[in-house]
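Here is a quick walk through one protein and the ligand it holds. Have the structure open and follow along as we go from place to place.

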Amino acid sequence: MGLSRLFVRQVRTIQRQARSMSYQLKFDKAFVNQKWVAAASGKTFDVVNPSTEQVVGAVPDMDENDVSKAIDAAGEAFAAWGQTTGKERAGVMRKWYELLVKNQDELAKLMSAECGKPLSEAQGEVVYGNSMIEWFSEEARRIHGEVISSPVKTKEMVLIRQPLGVVSLITPWNFPHAMITRKAGAALAAGCACVIKPAEDTPLTALALAKLAADAGVPPGVLNVVTCARPGAPAVGRLLCEHPRVAGISFTGSTAVGKVLYRNCASGVKRIALELGGNAPFIVFSGADLDKAVDGAVACKFRNCGQTCVSANKFLVQEDVFDQFVDKLQKKMKALVVGDPFAPGVNLGPLINNSQVTKVTQIVEDAVAKGAEVRLGGKQVPSLGKRFYEPTLLLNVDPSMVCYSEEIFGPVAVCVRFKTEQEALSIANSTKSGLAGYFYSSDISQAWRVAKALEVGMVGINEGIISAAEAAFGGVKESGFGREGCHHGIDEFTYVKYLCFGLSQ
Ligand code: ADP
């Protein structure tokens, strides 16, 4: 049976399974105030499986009027939800977590179908995304205030933390589950109500998450999912920042869109947390365990076909181990299997959409035109479909090339030789981004020195995969601000209020 017929079957299977899911996912509605709703205009847009380019669903193309109804619903829901105790919220969130676990296989399949990541990776993301709800269900009970040591006997000073109110969450397609739960988990734990706008490429997972939240007992209006096609995103995005009932926004996506939203938030002086593009250096010092470094490099670079904001963007390798590292990396990369995300043993699925294919193709063409060596890969795989791209290894790269300075966001590994620690640091820090950085070293003093000197929000030291619900995720410089996960994730959704008690008789 040809691959494409196999895909058609899989999509049908997924749709059948989805219909029989315990949460009865609709493929044609958004989820507002605990109701499946269409856009008032009746317009919808297609959700496409990037592997087969088959339509797997169609969801409402909502406009500002539709979205403002969701904001109003969230505003009304906040009046009660914001008054609940941490223990009450924890109980509901724990139930949500349990339903997420119960439905984890279906969620993973749905996610693979709409975003193209290999099923095993989708299953990993579901575990990670679910863990955010588990974590924040526990954190809900630990949102404490402080008693300040007063400088005078006539006053007592106390700080309490209160929920922001209604928050807008705008999320990308590369982690359709975890980018939502990492934000919504913290928001709900804090007592906020939210309006989620998922990426237009991957709204189905978001809708499934929302329905499961409702089934778990999250009250109507507390968690809403609105959908709109890309042309409508700027207007809807503006409303999600500027609407008077919205108190804050949390965004994960490109730096360009993050800057627009930051500006949108200025007029109402809204709170904003931004998790934007990265440009992660991955440094291998001589003396490092090269086999571990290569394993870390492959895991870090090729997860989600390189479409991850914490992906290694440039491998900086010390000159005396450069050739050895490159040979080992090439060997591991050659073993990577590109193909149908549902086939067992596949490591790389398709790129998400045609503009990603164009971007990756142009980055490689630019490097080649300027003299880079393509050691491995370097082209699309038309036999699999339009969006598949080979794992690619580029050498002889220099600062004139786009791949050297820009975020690649694709399965293209770039290796650069360096002489000294200072040189590695200066190349690593010579970008406007500062999300993640990685290095491999067996020298403890160097490890401490380099970890402190890297201008990033997160550092992997002899480790290529760093995310966890317990740890603080976020960047510096143009990678944004605010932290997700960890107890710090709650900070983005709370105000500190100062209470001063006068004690004079
Ligand atoms: P990517 O390039 O990875 O698609 P984007 O930053 O463009 O990343 O998209 C991330 C999210 O931001 C998606 O949900 C998308 O629909 C949304 N988005 C895109 N443009 C805007 C905008 N002008 N205002 C608000 N949201 C936007």
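## Starting at the far end

Where is the place of Ser504? Look in the segment after strand 20, the strand that covers 494-502. Keep in mind as you look that this is a predicted model.

Is Ser504 buried or exposed? Ser504 counts as exposed, because its relative accessibility is 59% and the cut-off for exposed is over 50%. Now find Thr154: Ser504 and Thr154 are 350 residues apart in sequence, yet their C-alpha atoms are 5.4 Å apart in space.

## Who surrounds the ligand

Next stop, the ligand. The shell around it is made of 16 residues, and the closest of these are Thr171, Lys197, Glu200, Arg230 and Ser254. Sorted by class, the shell has nine nonpolar residues, four polar ones and three charged ones.

Three of those closest residues are worth a zoom for their contacts with oxygen atoms of the ligand. Arg230 puts a polar side-chain atom 2.5 Å from a ligand oxygen. Lys197 also uses a polar side-chain atom, and here the distance to an oxygen atom of the ligand is 2.9 Å. With Thr171 it's the backbone that takes part: one of its N or O atoms lies 2.8 Å from a ligand oxygen. As for cover, the ligand taken alone exposes 550 Å², and the protein buries 86% of that.

## The pocket and its helices

Which pocket does the ligand take up? The space it fills is the largest pocket. Two elements give two or more residues each to the shell around the ligand: helix 8 (233-242) and helix 9 (255-268). Of these, helix 8 supplies the largest share of the shell, at three residues.

While you're on helix 8, pick out Arg238, which is found there. Arg238 counts as partly exposed because its relative accessible area is 43%, which falls between the 20% and 50% cut-offs. The C-alpha atoms of Arg238 and Leu261 are separated by 7.1 Å, with the two positions 23 residues apart along the chain.

## Around helix 10

Now slide along to the loop between strand 12 (280-284) and helix 10 (290-302), where you'll find Ser286. With a relative accessible area of 28%, Ser286 is partly exposed. Its C-alpha atom and that of Ala413 are separated by 19 Å, and the two residues are 127 apart along the chain.

Is Leu290, in helix 10, buried or exposed? Leu290 is buried, because its relative accessible area is 9% and buried means under 20%. Measure over to Phe418 in your viewer if you like: from C-alpha to C-alpha, Leu290 and Phe418 are 16 Å apart in space, and they are 128 residues apart in sequence.

## Two positive phi angles

Last, a couple of backbone spots. What is phi of Phe409? Phi of Phe409 is near 55°, a positive value in a residue other than glycine. Phe409 lies in the loop between helix 13 (402-405) and strand 16 (412-418). A relative accessible area of 14% makes Phe409 buried.

Asn462 has a phi near 55° too, again a positive value in a residue other than glycine. You'll find Asn462 in the loop between strand 18 (458-461) and strand 19 (480-481). Why does Asn462 count as partly exposed? Because its relative accessibility is 38%, and partly exposed covers the values between the buried cut-off of 20% and the exposed cut-off of 50%.

Conventions:
Residues numbered from 1 in each chain as written. Predicted model: local features only at pLDDT ≥ 70, side-chain atom pairs only at ≥ 80, totals over all residues. Heavy atoms only, no water. Near = heavy atom within 4 Å. Polar contact = N/O pair within 3.5 Å; in protein donor to acceptor, adjacent residues only side chain to side chain. Areas by Shrake-Rupley, 256 points an atom, 1.4 Å probe, with all protein chains shown as cover. 1 Å grid on protein atoms, 1.4 Å probe; cavity = no way out; pocket = protein on both sides within 12 Å on 5 of 7 lines; lining within 4 Å. Sits in = over half its atoms within 2 Å of the grid points. Helix = DSSP H or I, 4+ residues; strand = E, 2+ residues; numbered from the N terminus. Nonpolar A, V, L, I, M, F, W, Y, C, P; charged D, E, K, R; others polar. Buried < 20%, exposed > 50% of the residue type's maximum accessible area, 1.4 Å probe, protein only.
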